[in-house]
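Here are a few short exercises to work through with the structure open beside you. Try each one yourself before reading its solution.

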Amino acid sequence: MIGFNDIIGNELLKRQFSEAIKHESISHAYILSGEKGIGKKITAEAFALNLLCENRDEDGNACLNCPSCKKIIENNHPDVIRVLHEKDNIITVDEIREQLIDTIDIRPYYGKYKIYIVNDADLMNQQAQNALLKSLEEPPEYVVIMLLCQDEKNLLDTIYSRAFKVKLKPCTDSQIRRYLDDNFPQDEDRKDISIAFSRGNLGRAIYLMTSDEFLVWYHKIIKICKSVKNMDTLEIQQQIKELISECSDIYEALDLIQLWYRDLMMYKVTKDMNGLVFSNERKALMDLASLSSYEGIEEIMDAIETCRIRLKANVNTELALELLLLNMKEK
């Protein structure tokens, strides 16, 4: 559990929340939106920590030492309710009723506020959202409901219009690098990959630095990119089968392939390895740059986008990847 000062990025949002807490200008409902790993949950937890602190400083920051802070840090504060759901893809009306609606009229045990944090709120089905609506229309004065979602479009307009909207923004590369330098001082090459591949998502960067699964299919993709020109069709098919079995999200594999060819194009244009994600693959990039034309690299980049379109259209994954790799081999 951390306070606003420890959250990386989103400085404006942190100031807005701190000012709202400092002046007790609190909305009864918030929608925090952004992709997985971008910091919605940790922001909501920090908001609860600061709001319920019994000894905030003059800037509205939690002391971390009062009884309320300690209870939140230990995850047993009775006035911070984290609404849970059993299934990965849905929040049911029964879960909303049992964990939120049926307890909302019980006043806070400590202080002035009672905070409900609904993670994955965009997974609420229509019945759950309709049931929640009355609580948003006529909330008790002490209640704050925080709806955390990846896709706010899945929320009903009646829900969306009754909450204060907050969209979390990606961190800068320099902010992520500072965090990784402080927490993962080793393995500079993996940091470069994690930063580039995270696209400003700190949670994702941490996952990429620590995931054994990512490391396995990362090396598989690098091998393919370096050697595909020398592979025959049977070897290409075998590499695809292994990649599919090792990579849980094939779109992420395509992102990594795209990064490789972006580096290849950058090197071919500038003859400079500085700033490239795969600068540790100097010889391979130099060799491929000498064998590839600008037009060929551009055609491969187009082929990657075509592969994405085919996968979204439910074309067989092995077939879509085989067409891509054959294009990579020929160009």
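**Exercise 1.** Which residues does Ile257 touch, not counting residues up to four places away in sequence?

*Solution.* Keep in mind that this is a predicted model. Start at Ile257 and set aside its neighbours up to four places away in sequence. The contacts left are Ile221, Cys225, Ile304, Leu324 and Met328.

Next, place Ile257 in its surroundings. The largest nonpolar core has 46 residues, and Ile257 is listed among those with the most contacts inside it, including Leu324 and Met328. Several helices supply at least two residues each, among them α10 (212–227), α12 (250–270), α14 (294–312) and α15 (317–330). Of the contributors, α12 gives the most, with 11 residues. A second, separate core has 29 residues, including Ile7, Leu49, Val80 and Ile117.

**Exercise 2.** How many disulfides does a search of the whole structure find?

*Solution.* The search finds zero. Check Cys63: its closest cysteine sulfur, in Cys53, is 3.6 Å away, so this pair is too far apart for a bond. A disulfide needs the two sulfur atoms within 2.5 Å. Then check Cys66, which is in no disulfide: the nearest cysteine sulfur, that of Cys69, is 3.6 Å away. Finally, compare their settings: Cys63 is partly exposed, with a relative accessible area of 22%, whereas Cys66 is buried, at 8%.

**Exercise 3.** Which residues form a nonpolar patch on the surface with about 330 Å² of accessible area together?

*Solution.* The patch consists of Ile106, Tyr109 and Tyr110. Now locate Tyr110: it lies in the loop between α4 (93–99) and β3 (114–118). Tyr110 is partly exposed, with a relative accessible area of 36%.

Conventions:
Residues are numbered from 1 along each chain as its sequence is written. This is a predicted model: local features need pLDDT of at least 70, side-chain atom pairs count only at pLDDT 80 or more; totals for chains, interfaces and linings use all residues. Side-chain values use heavy atoms; hydrogens and water are left out. Patches are made of residues with over 30% relative accessible area and no salt bridge: like charges are joined within 9 Å, nonpolar side chains (Val, Leu, Ile, Met, Phe, Trp, Tyr) within 5 Å. Accessible areas come from the Shrake-Rupley method with a 1.4 Å probe; for residues, only the protein chains shown count as cover. A salt bridge is a side-chain nitrogen of Lys or Arg within 4 Å of a carboxyl oxygen of Asp or Glu. Helices (H or I, at least four residues) and strands (E, at least two) are DSSP runs, numbered from the N terminus. Buried means under 20% relative accessible area, exposed over 50%, partly exposed in between (1.4 Å probe, protein chains only). A nonpolar core is a set of buried Ala, Val, Leu, Ile, Met, Phe, Trp, Tyr and Cys residues joined through side-chain atoms within 4.5 Å. Contact means heavy atoms within 4.5 Å.
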